[in-house]
Amino acid sequence: MLELTNVAVTLGRSQILRDVTTRIAPGQIVGLIGANGTGKSTLLNAIAGLQRHTGNVLWLGEKIRLDHIGYMPQQARVDANLSVTETLLLGQFGRLGWRVSSAAMDRVQAALQSFDIAHLHDRAMATLSGGQQQRVLLAQRLLSEPNLLLLDEATSALDIRHQMQALQILRAYVVHTGALVVIALHDLNMAGHHCDNIWLLHGGKILAEGSFDQVITPGNLGTAYGIEAEFVKSGSGRQLVLPTRSVSFP
């Protein structure tokens, strides 16, 4: 279990997180959603141990060590003169050596293919677009095979096709490894389609958590986002949200 108990963060005079308490089992993708400035990045940083906080965060009953998990911050970027292949090798070994086994290179090649970046294998990271870098860095995090992945808007720079591809790869990874993925997302329908559970943050607290249909309600959308929306069923029976207007809610 990932267990959060009364997690709170205060920066200066502002309380960013307020007594966040929840627990979630591995083998799932959790979509972390909420309006800008509501504490999503701060919560992920607190879980990763990068943000000082009160309360407790435990993963599998122990304190989290950053080198034992996969963490990708918001707007992650590599400006070093490393090639894409070298960056992926760092994801496996944490350092580069003179010799690389054929098995390691096979894993890198598979990652390049799955993220549709094989054509970039010899490009320097500093020359890539934001979306290309995101795909490389996601592949890098997966190559180390962490059992906990914390991803802060790790698909924000991707076009729709590559967002879907990345989330499908994360699903396959969770099925294969039994890992837990917590990913901050802005696209509500993407979260509903790809996530098993949703955490909706508002005012530094979890306003609602559970399945997409449980969390994404007219009242919660009004409170958390200040919007009204229509709800429709897709051809597969999945609920979709169509925002219709911005409104003021008390």
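**A three-stranded sheet and helix H3**

In this predicted model, three strands form an open sheet in the order E2-E1-E4, and their pairing is antiparallel. Strand E2 (14-24) and strand E4 (54-59) occupy the edges; each has a single partner strand, so one side of each is left without a neighbour in the sheet. From one strand to the next, the twist averages 20°.

Strand E1 comprises residues 2-11 and is joined to E2 by 7 bridges, the two strands running antiparallel. Within this pairing, Val7 of the pair E1 and E2 lies opposite Val20 in E2, and Val9 stands opposite Leu17, also in E2. The two strands form a hairpin, with 2 residues between them. Gly12 is in the turn of this hairpin and has a positive phi of about 65°. The sheet is also accompanied by a helix: H1, which consists of residues 40-48, lies across E1, E2 and E4. The direction of H1 is at about 120° to that of E1.

Helix H3 was examined next. H3 covers residues 102-114, a total of 13 residues. At 1.5 Å a residue, a helix of this length should span 18 Å; the C-alpha atoms at the ends of H3 are 18 Å apart, which agrees with the expected value.

The residues of H3 can be grouped by their accessibility. Ala104, Val108, Ala111 and Leu112 are buried. Viewed down the axis of H3, the buried residues fall within an arc of 100°, so they line one face of the helix. An α-helix has 3.6 residues a turn, so residues three or four places apart point the same way. Ser102, Asp106 and Gln113, on the other side of H3, are exposed. After H3 comes Asp116, whose phi is positive, near 60°.

One of the buried residues of H3, Ala111, was considered in further detail. Ala111 has a relative accessibility of 8%. Because residues under 20% relative accessible area are classed as buried, Ala111 counts as buried at this value. When residues up to four places away in sequence are not counted, Ala111 touches Leu88, Ala139 and Leu143. The distance from Ala111 to Thr177 was also computed: these residues are 66 residues apart in sequence, and their C-alpha atoms are 16 Å apart in space.

Notes. Residues are numbered from 1 along each chain as its sequence is written. This is a predicted model: local features need pLDDT of at least 70, side-chain atom pairs count only at pLDDT 80 or more; totals for chains, interfaces and linings use all residues. Side-chain values use heavy atoms; hydrogens and water are left out. Two strands pair if DSSP finds at least two bridges between them. Helices (H or I, at least four residues) and strands (E, at least two) are DSSP runs, numbered from the N terminus. Axes are lines fitted to C-alpha atoms, for helices over the stretch in contact, and angles run from 0 to 180 degrees between N-to-C directions. Contact means heavy atoms within 4.5 Å. The expected span of a helix is 1.5 Å times one less than its number of residues. Buried means under 20% relative accessible area, exposed over 50%, partly exposed in between (1.4 Å probe, protein chains only). The arc is that of the directions from the helix axis to the C-beta atoms.
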